[in-house]
Amino acid sequence: MSASVKIGDRLVGAGQPVYVIGEIGINHNGDMSIARQLIDVAANAGCDAVKFQKRTPEICVPPEQQGRMRSTPWGEMTYLEYKHRVEFDEGQYAEIDEYCARRGLQWFASPWDVPSAEFLEKFDVVTHKVASASITDKELLRALAATGKPVILSTGMSEMQEIDEAVEILGTERLVILHATSTYPLPAEEANLRTIDTLRERYGVPVGYSGHERGLQISLAAVTLGACAVERHITLDRTMWGSDHAASLEPTGLQHLIRDIRVIESALGDGVKRVFPGEAEPRERLRRVTS
């Protein structure tokens, strides 16, 4: 059985409550008011944490794409200008840090480059998240391992050898792996949820699920299969402008997800067959022959 990993004041692993992450990502569209509303959505639904994405655009946007023009809600601009438009600065993250603390939420981010990881360390985040796109970025992995913080590793669009190499760098002592398929939105036939068991057996660490599907069924099935954490993108409205909104959960959907996760946790039990108190009277009344 995989050991638990401590993330802040929460234990993540077998036998612990499912650690629910509301991924805000860039669904705030560069607007602090939207970010605060999404933090409220996550807190009100019962999430444990919210997650953002942090990039240094000059590093993350390939040179050949930086000057390409893009139509945005703020007018025509280059792709590089757009990427800067949806990034928060240190002052804004300080506000996020304070607001999440006020709402009782942990927060962290996926740094897409080493300077972004260094930026997040200024806030002493409880963990770092490796996005599926970054699993082969060994420079970034080494920088995250050097922080000594727990690391959550997403495994979308990855072959097993790539995961092996990432785990070798990160180690297993403070590692949580998330099974993921990076299709947006995710069709059920690509979910491959039995990989949760494969990853747990291979690496001996807590394994959760990062979902990009519409609806709740696949995420709930992941919990039934033993996922110790569930991450879902969240939005105020799936019709908002932006690449991730359509595959995100709206507030009511997030509330229902967490409600149903907690029901499943209670229903799974401990696997020990016994006669429950509610069965005592029917047993006495209905059993004609007793052993």
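# Close-up views of a predicted PseI/NeuA/B-like domain model

UniProt, in an unreviewed entry, places the feature "domain: PseI/NeuA/B-like" at residues 38-273. UniProt positions follow the numbering used here, feature names are shortened, and annotations may be inferred rather than shown by experiment. The model is predicted: local features need pLDDT of at least 70, side-chain atom pairs count only at pLDDT 80 or more, and totals for chains, interfaces and linings use all residues. Residues are numbered from 1 along each chain as its sequence is written, and side-chain values use heavy atoms, with hydrogens and water left out. Over residues 38-273 the chain is 42% helix and 18% strand. The end C-alpha atoms of this stretch are 42 Å apart. Helices (H or I, at least four residues) and strands (E, at least two) are DSSP runs, numbered from the N terminus.

**View 1. An open sheet is formed by eight strands.** The strand order is 7-4-3-12-11-10-9-8, and the pairing is parallel. Strand 7 (106-111) and strand 8 stand at the edges, each with a single partner strand, so one side of each has no neighbour in the sheet. The twist averages 25 degrees from one strand to the next. Two strands count as paired if DSSP finds at least two bridges between them. Axes are lines fitted to C-alpha atoms, for helices over the stretch in contact, and angles run from 0 to 180 degrees between N-to-C directions.

**View 2. Strand 4 (residues 49-54) is largely enclosed by the rest of the structure.** Six of its six residues are buried (buried means under 20% relative accessible area, exposed over 50%, partly exposed in between; 1.4 Å probe, protein chains only). A49, K51 and Q53 point one way from strand 4, while V50, F52 and K54 point the other way. Strand 3 (residues 19-25) pairs with strand 4 in the parallel sense over four bridges. The bridge partner of I21 in strand 4 is A49. Strand 3, helix 1 (residues 32-45) and strand 4 make a right-handed β-α-β unit. A crossover is right-handed if, with the strands pointing away from the viewer, the path from the first strand over the helix to the second runs clockwise. Strand 4 also runs parallel to strand 7, joined by six bridges. Here F52 stands opposite A109 in strand 7.

**View 3. Strand 9 (residues 151-154) is covered on both faces.** V151 and L153 lie on one side, I152 and S154 on the other, and all are buried. In a regular strand the side chains alternate between the two faces of the sheet. Three bridges join strand 9 to strand 8 (residues 128-130), in parallel. V130 has L153 as its bridge partner in strand 9. From strand 8 the chain crosses through helix 7 (residues 138-146) to strand 9, and this β-α-β crossover is right-handed. Four bridges join strand 9 to strand 10 (residues 175-180), again in parallel. I152 has V176 as its bridge partner, and V151 stands opposite L175 in strand 10. The chain crosses from strand 9 to strand 10 through helix 8 (residues 160-170), and that β-α-β crossover is right-handed.

**View 4. Helix 7 packs against helix 8 at an angle of about 35 degrees.** Their axes are 9 Å apart. The crossing of helix 7 and helix 8 is right-handed (a crossing is left-handed if the near helix is turned anticlockwise from the far one by less than a right angle, and right-handed if clockwise). K138, L141, R142 and A145 in helix 7 meet E165, A166, I169 and L170 in helix 8; contact means heavy atoms within 4.5 Å. Helix 7 lies across strand 7, strand 8 and strand 9, running at about 160 degrees to strand 8.

**View 5. T127 sits in the loop between helix 6 (114-121) and strand 8.** T127 counts as buried, at 0% relative accessibility. Leaving aside neighbours within four places in sequence, T127 is in contact with I7, F108, P150, V151 and I152. The C-alpha atoms of T127 and Q106 are separated by 9.3 Å, with the two residues 21 apart along the chain.

**View 6. Loop backbone geometry at P185, N192 and M157.** Most residues other than glycine have a negative phi, and most peptide bonds are trans. The peptide bond from Y184 to P185 is cis, with omega near -15 degrees. P185 lies in the loop between strand 10 and helix 9. N192 lies in the loop between strand 10 and helix 9, and has a positive phi of about 50 degrees although it is not a glycine. M157, in the loop between strand 9 and helix 8, has a positive phi of about 50 degrees and is not a glycine. M157 is exposed, with a relative accessible area of 60%.
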